[in-house]
Amino acid sequence: MNFKDRIIRATGKKTPFRMIVADMTATMNEIGKQHNAKGFALKLLAENTIASLFLSSGLKYAGTVTFTTSFAGEITKITSDSTPMGLVRAMIPQDELLTVGANEPAIVPQNISVIKLNERGKRVHESIIEAPSISMGQNLATYLLQSEQVRSAVGIEAQFNKEDPSKLDYAAGFYIEAFPDLEEKDINLLEVIVQNLPKFHELLKPEGYDLDELLDQLRGPYDLDIVRELDPKAYCPCSKERTLATLASLKTEDLKDLRKDGKDLEVTCDFCRKKYTITMQDLDDLIKERK
């Protein structure tokens, strides 16, 4: 058995639907460590990222999906980026993570925002819906129905370790999409299969999460074609060059304000928490380019 992080994409051999299962435990533990995320905040970070991952799996191009859940309360938003190749990154505002710690945050879901970029970074889709639940699976299914007219069944769950809340026991999920020509009898049968699935925690083994068993439970009587199996990876494309490009978009007066203290700036990426030093010479070069 394979207990490493995996994303398995499949379609029905004779039945028009597609299915995805994902185990993101180790990947989200890595991202959580970057942010020092713990407890419920780590759980929410993982579940939001899996939702983004399921959406990006449907892209027909090498683009990116940004899935943002906004809240009222101690955490205001969670943003996750993902690509069809299983590259992911995620963030919760750092000051909010520090405030919440390992405690369960007091939050009320507000809305879901989805932005899709193509391979050139051009925005090709943007949609905002009201978030119906704290459940990321329900939020994603609602988004798909309202914004893309896609009928789906989604289950997403992460569980943090009770003894060490800085680690996840598991972060997993499934996604079933009904193609337009799927017959009603098959839709009803798939609904019954989903309703009778084992609880997520019941598939956790001492060796890791049993993703193969989740897929077997989901397939029911249907034969599947495994389209692709991917290893997810935490990845952030940030760099000092990108940081300077962002600063270059500021007004000249703002750039001059940044250098008033005469001290180098330390800029931290919101997603991977990597720090970049912007020197006074860097700022001078940006200002000179304006002239």
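The following dialogue goes through the sheets, helices, pocket and unusual backbone angles of a predicted model.

Q: What kind of model is this, and how are residues numbered?
A: Residues are numbered from 1 along each chain as its sequence is written. The model is predicted, so local features need pLDDT of at least 70 and side-chain atom pairs count only at pLDDT 80 or more, while totals for chains, interfaces and linings use all residues; side-chain values use heavy atoms, with hydrogens and water left out.

Q: How many strands form the sheet that contains β1, and in what order?
A: Helices (H or I, at least four residues) and strands (E, at least two) are DSSP runs numbered from the N terminus. Two strands pair if DSSP finds at least two bridges between them. Here five strands make an open sheet, ordered β8-β9-β2-β1-β12, with antiparallel pairing. Its edge strands are β8 (151–160) and β12 (224–230), each of which pairs on one side only.

Q: How are neighbouring strands of this sheet turned against each other?
A: Axes are lines fitted to C-alpha atoms, for helices over the stretch in contact, and angles run from 0 to 180 degrees between N-to-C directions. In this sheet, neighbouring strands are turned by 10° against each other on average, with direction ignored.

Q: Which residue in β2 is the bridge partner of Arg9?
A: The partner of Arg9 in β2 is Ile20. Strands β1 (residues 6–12) and β2 (residues 17–23) pair in the antiparallel sense over six bridges.

Q: What is the order of the sheet with mixed pairing?
A: This open sheet has six strands in the order β7-β6-β3-β4-β5-β13. The edge strands, each pairing on one side only, are β7 (123–130) and β13 (233–234). Strands β5 and β13 pair in the parallel sense over two bridges, and Leu87 has Lys233 as its bridge partner in β13.

Q: Which strands pair with β3?
A: Strand β3 is joined to β6 (residues 107–117) by 10 bridges, running antiparallel, with Phe71 opposite Pro109 in β6. Strands β3 and β4 also pair in the antiparallel sense, over six bridges. These two form a hairpin with three residues between them, and Val65 stands opposite Ser82 in β4.

Q: Which strands does helix α2 lie across in the sheet with β8?
A: Contact means heavy atoms within 4.5 Å. Helix α2 (residues 39–56) lies across β1, β2, β8 and β9 (168–178), running at about 150° to β8. Helix α4 (residues 136–148) lies across β8 and β9, at about 155° to β8. In the sheet with mixed pairing, α4 lies across β3, β4, β6 and β7, running at about 115° to β7.

Q: How does the span of α2 compare with the expected one?
A: The expected span of a helix is 1.5 Å times one less than its number of residues. With 18 residues, α2 reaches 26 Å from its first C-alpha to its last, close to the 26 Å expected.

Q: Why is α2 described as largely enclosed?
A: Buried means under 20% relative accessible area, exposed over 50%, and partly exposed in between (1.4 Å probe, protein chains only). Of the 18 residues of α2, 16 are buried, so the helix is largely enclosed by the rest of the structure. Strand β3 is also largely enclosed, because seven of its 10 residues are buried.

Q: What is the volume of the largest pocket, and which residues are closest to its centre?
A: On a 1 Å grid over the protein atoms alone, a pocket is an open set of points where a 1.4 Å probe fits, with protein on both sides within 12 Å along at least five of seven lines; lining residues have an atom within 4 Å of a point. Grid points are joined across faces, edges and corners, and a volume is the space filled by probe spheres set on the points. The largest pocket has a volume of about 600 Å³. Of its 22 lining residues, the closest to the centre are Asp81, Arg89, Pro237, Cys238 and Arg242. Helix α7 gives the most to the lining, with four residues.

Q: What is unusual about the phi of Asn36?
A: Most residues other than glycine have a negative phi. Asn36 is not a glycine, yet has a positive phi of about 60°. Asn36 lies in the loop between α1 (25–35) and α2 and is partly exposed, at 46% relative accessibility.
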